[in-house]
Amino acid sequence: MIPRFGYGGRYGLDVENTKGHTNYVFCVNYNNASNLLVSGGCDGEIRVWNVDKGKCLKKILAHLDYVTAVHFNRDASLIVSCSLDGLIRIWNTATGQCLKTLAESHDAICQHVQFSPNSKYILSTAHDSAIRLWDYQTSRCLKTEDHKVYLWDLQSREIVQTLEGHTDVVVAVATHPQQNMIASGSIDSDLTIRIWADRGGS
């Protein structure tokens, strides 16, 4: 079931449950226009939803295992997904056709994947402690790094800064919408979230 949210009701929020997946929903993501939602489930399916109507527009039998992440590209014409089966797949949003399959290293479980802001590259993370930058047009893995937080220049495909502090695999990062700040999470034993801030360009 997919929750759809709108303003109103006793607490200022209406929730409508839209039926779809046949097992737990593992991941969701909006497109940039916020009129589409893509979901991935433990049933191995990807579903594309009309947000306003709560209607399923496309059902894709995507993977043989749990879908762990889904993400639209900049104009929502493509969807990238990854799964516990170790595969990364790129889909045509309108037709549901699989355009490309990328494979993580042997026995690696892909846990997160997303398009770069210019939609030219795909960034993936996996349980083998690696972060990979893919050119999905050529199916080539351009860079592989691990254990740290890296800032990339997407034009040169080079690392411009390395943030060190975590002692184990980094599994989540987020950028502040207005300030030059990054939050990162890891499976460190101290169970901390680290906040990285740009102090006067340093």
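This dialogue walks through a few features of a predicted model.

Colleague: Where should I begin with the overall picture, and how many helices and strands does the protein have?

Modeller: Begin with the secondary structure, where the protein shows 0 helices and 19 strands. Burial comes next, and of the 202 residues of the protein, 41% count as buried. The protein exposes about 11600 Å², and carbon and sulfur atoms supply 50% of that area. As for contacts between residues at least 6 apart in sequence, 29% of them join residues at least 24 apart.

Colleague: How many salt bridges does a search of the whole structure find, and which residues are linked in a network?

Modeller: A salt bridge is read from the distance between a side-chain nitrogen of Lys or Arg and a carboxyl oxygen of Asp or Glu, with a limit of 4 Å. The search of the whole structure finds 2 salt bridges, and E45, R47 and K59 are linked by such bridges in a network. In one of the pairs, the side chains of R47 and E45 meet with N and O 3.1 Å apart. In the pair of K59 and E45, the closest N and O atoms are 3.7 Å apart. K59 lies in strand β6 (residues 55-61) and E45 in strand β5 (residues 45-50), so this pair ties together parts that are 14 residues apart in sequence.

Colleague: Are the residues of that network buried or exposed?

Modeller: Burial is judged for each residue by relative accessible area, and the answer varies along the network: E45 is buried at 6% relative accessibility, R47 is also buried, with a relative accessible area of 10%, whereas K59 counts as partly exposed at 48%.

Colleague: How many disulfides does the count come to, and why is there no bond between C82 and C110?

Modeller: A disulfide is a covalent bond between the sulfur atoms of two cysteines. In this model the count comes to 0 disulfides. The cysteine sulfur closest to that of C82 is in C110, but the distance of 3.4 Å is too far for a bond, because a disulfide needs the two sulfur atoms within 2.5 Å. C82 itself is buried, with a relative accessible area of 0%, while another cysteine, C56, counts as partly exposed at 26% relative accessibility.

Colleague: Which residues make a nonpolar surface patch?

Modeller: For a patch, one looks for nonpolar side chains that lie together at the surface, and here F26, Y66, L84 and I109 make one of about 320 Å². Of these residues, I109 can be placed in the loop between β10 and β11 (110-115), and at 31% relative accessibility I109 counts as partly exposed.

Colleague: I would like to finish with a single loop residue, so where is the place of T93, and what does its side chain reach?

Modeller: A residue of this kind is read by its place, its burial and its contacts in turn. T93 sits in the loop between β9 (87-92) and β10 (98-103), and T93 counts as buried, with 10% relative accessibility. The side chain of T93 reaches the backbone nitrogen of L78 at a distance of 3.4 Å. Leaving aside neighbours within four places in sequence, T93 is in contact with V48, K58, F72, A76, S77, L78 and I79.

Terms used:
Residues numbered from 1 in each chain as written. Predicted model: local features only at pLDDT ≥ 70, side-chain atom pairs only at ≥ 80, totals over all residues. Heavy atoms only, no water. Helix = DSSP H or I, 4+ residues; strand = E, 2+ residues; numbered from the N terminus. Buried < 20%, exposed > 50% of the residue type's maximum accessible area, 1.4 Å probe, protein only. Polar contact = N/O pair within 3.5 Å; in protein donor to acceptor, adjacent residues only side chain to side chain. Contact = heavy atoms within 4.5 Å. Patch = residues over 30% accessible without salt bridge, like charges linked within 9 Å, V, L, I, M, F, W, Y side chains within 5 Å. Areas by Shrake-Rupley, 256 points an atom, 1.4 Å probe, with all protein chains shown as cover.
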